[in-house]
Amino acid sequence: LKQLLQELKGVPSETKDGRRIEVAANVSSAADLAAVLKNDAEGIGLFRSEFIYMGRDTLPSEEEQFNIYKLAVETMTGKRVIIRTLDIGGDKDASAFHLPKEENPALGMRAIRISLKRPEIFKTQLRAILRASAFGKIAIMFPLITSVWEVWKAKEILDEVKLDLDKKGIAYDHQIQIGIMIETPAAALISDKLAKEVDFFSIGTNDLSQYTLVVDRSSRVLSDFFNPHHPAVLKLIQMTIDNGHKAGIWVGMCGELSSDLSITETFLRMGIDEISVAPYSVLPLRQQIRSIDLSK
Ligand code: PEP
Ligand code: MG
């Protein structure tokens with residue numbers, strides 16, 4: 001089997017009838033980075049930047065972050081790296097942020113909400129990402145969006161940071177693409193409006209399933225209620241892909257469901273453009289895509 005997968009390196013991720021899908025990798029730790037190219041991923045579809053903020057009591061400096069993003073983009077030698085801005089809180093440890101204790105952390109201060117409430121932290125991260133974008137192809141992605149105004153606000157803050165870099169003559173990629181995660185039912189339901197604001201969508205099936213099915217994604221006792229194949233979840237995914245395409249933007253997917261090979265064909269038929277999975281799942285997914293014939 002290992003031999004078989006090795007032979008898939010350098011081969012296109014394409015169906016039998018010639019539909020090309022971009023197969024990218026998720027990076028959730030520094031160690032994952034080395035595994036991305038080893039598994040021949042076509043880019044980084046989700047760089048979970050929060051790992052830089054987790055398991056520590058202090059916030060990472062701009063310089064510390066810049067070095068990590070620069071390493072990521074240089075490692076990928078020209079391939080796209082989608083850096084998700086910090087997605088802390090909820091199921092992800094946020095001790096460095098000293099947030100007040102909440103009854104329902106999954107419904108509370110997390111992800112883009114923290115970034116908008118603490119713009120100084122957000123700006124430090126955006127500066128580090130923008131500076132690294134001078135060294136390769138970076139895209140920025142905002143997590144846990146539920147409303148259009150959040151995208152406006154996030155882009156406004158990004159523009160302030162860009163302006164400041166311009167004034168200081170610091171280089172960055174002026175064409176940098178902006179995307180959002182579609183991982184709440186609200187975002188999927190208004191994806192027609194959101195699509196007009198951004199360059200791409202990436203569907204986060206972990207949170208989309210959690211918030212649609214009202215089941216804690218990390219609960220062990222409720223795992224039989226956590227069904228990402230639920231028709232409600234699939235309907236929201238289809239709606240997101242259709243609305244993205246209507247607005248002329250590409251739509252990817254990066255939750256755990258992305259590596260569930262039993263549903264790959266369904267997503268291809270729905271029109272998904274990019275799929276991002278853990279590095280070790282890249283070649284099995286490519287193999288699966290190559291076995292599918294959408295003309296049948
Ligand atoms: C998701 O929610 O599906 C996702 C990809 O993001 P995370 O698992 O990091 O919340
Ligand atoms: Mg998520």
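A residue counts as buried here if 20 or more other C-beta atoms lie within 10 Å of its own, and as exposed if 12 or fewer do. Keep that in mind for the exercises below; the model you're looking at is a predicted one.

**Exercise 1. Work out whether the length of helix α6 fits its number of residues, and which side of α6 is buried.**

Solution.
- Start with the length. Helix α6 runs over residues 148–168, so it has 21 residues, and at 1.5 Å a residue it should span 30 Å. The C-alpha atoms at its ends are 31 Å apart, which agrees.
- Next, pick out the buried residues of α6: Glu150, Val151, Ala154, Leu158 and Val161. They cover an arc of only 95 degrees around the axis, so they sit on the same side of α6.
- Now turn to the face pointing away from that buried side. There you'll find the exposed residues Trp149, Trp152, Glu156, Asp159, Leu163, Asp166 and Lys167.
- What do the buried residues of α6 pack against? Their partners are the helices α4 (112–117), α5 (119–132) and α8 (191–194), along with the strands β4 (138–142) and β5 (177–182).
- Finish at the end of the helix: α6 is followed by Gly169, which has a positive phi, near 70 degrees.

**Exercise 2. Find the buried residues of helix α9 and their packing partners.**

Solution.
- Helix α9 covers residues 205–213, and its buried residues are Thr205, Asp207, Leu208, Ser209, Gln210 and Tyr211.
- These pack against two helices, α7 (185–189) and α10 (231–246), and two strands, β6 (200–203) and β7 (250–253).
- After α9 comes Val214, with a positive phi near 55 degrees.

**Exercise 3. An unreviewed UniProt entry annotates Glu183 and Asp207 as "binding site"; decide whether they lie together or apart in the fold.**

Solution.
- Locate each one. Glu183 is in the loop between β5 and α7, while Asp207 belongs to helix α9.
- Check the distance. The two span 25 residues in sequence, yet their C-alpha atoms are no more than 5.3 Å apart, so they gather at one spot.
- Check burial. Glu183 has 28 other C-beta atoms within 10 Å, so it is buried. Asp207 has 25 such neighbours inside 10 Å and therefore counts as buried too.
- Look at contacts, skipping residues up to four places away in sequence. Glu183 touches Leu144, Ile203, Gly204, Asp207 and Leu208. Asp207 is in contact with Leu144, Glu183, Thr184 and Arg217.

**Exercise 4. Describe Arg217, one of the residues in another "binding site" feature.**

Solution.
- UniProt (unreviewed entry) places this feature at Arg48, Arg84, Asn206, Asp207 and Arg217.
- Arg217 sits in the loop between α9 and α10, and with 21 other C-beta atoms within 10 Å it is buried.
- Leaving out neighbours within four places in sequence, Arg217 contacts Asp91, Asn206, Asp207, Ser209, Gln210 and Phe226.

**Exercise 5. Which element gives the largest share of the shell around ligand 1?**

Solution.
- List the shell: Leu46, Arg48, Asp87, Glu183, Gly204, Thr205, Asn206, Asp207, Cys254 and Gly255.
- Two elements give two or more residues each: β2 (44–48) and α9. The largest share, 3 residues, comes from α9.
- Sort the shell by character, and you get 2 nonpolar, 4 polar and 4 charged residues.

Conventions. Residues are numbered from 1 along each chain as its sequence is written. Chains are lettered from A and ligands numbered from 1 in the order in which they are written. This is a predicted model: local features need pLDDT of at least 70, side-chain atom pairs count only at pLDDT 80 or more; totals for chains, interfaces and linings use all residues. Helices (H or I, at least four residues) and strands (E, at least two) are DSSP runs, numbered from the N terminus. Two residues are in contact if their C-beta atoms, placed from the backbone, lie within 7 Å. The expected span of a helix is 1.5 Å times one less than its number of residues. The arc is that of the directions from the helix axis to the C-beta atoms. UniProt positions are given in the numbering used here, feature names are shortened, and annotations may be inferred rather than shown by experiment. A residue is near a molecule or strand if its C-beta atom, placed from the backbone, lies within 6 Å of it. Ala, Val, Leu, Ile, Met, Phe, Trp, Tyr, Cys and Pro count as nonpolar, Asp, Glu, Lys and Arg as charged, and the others, Gly among them, as polar.
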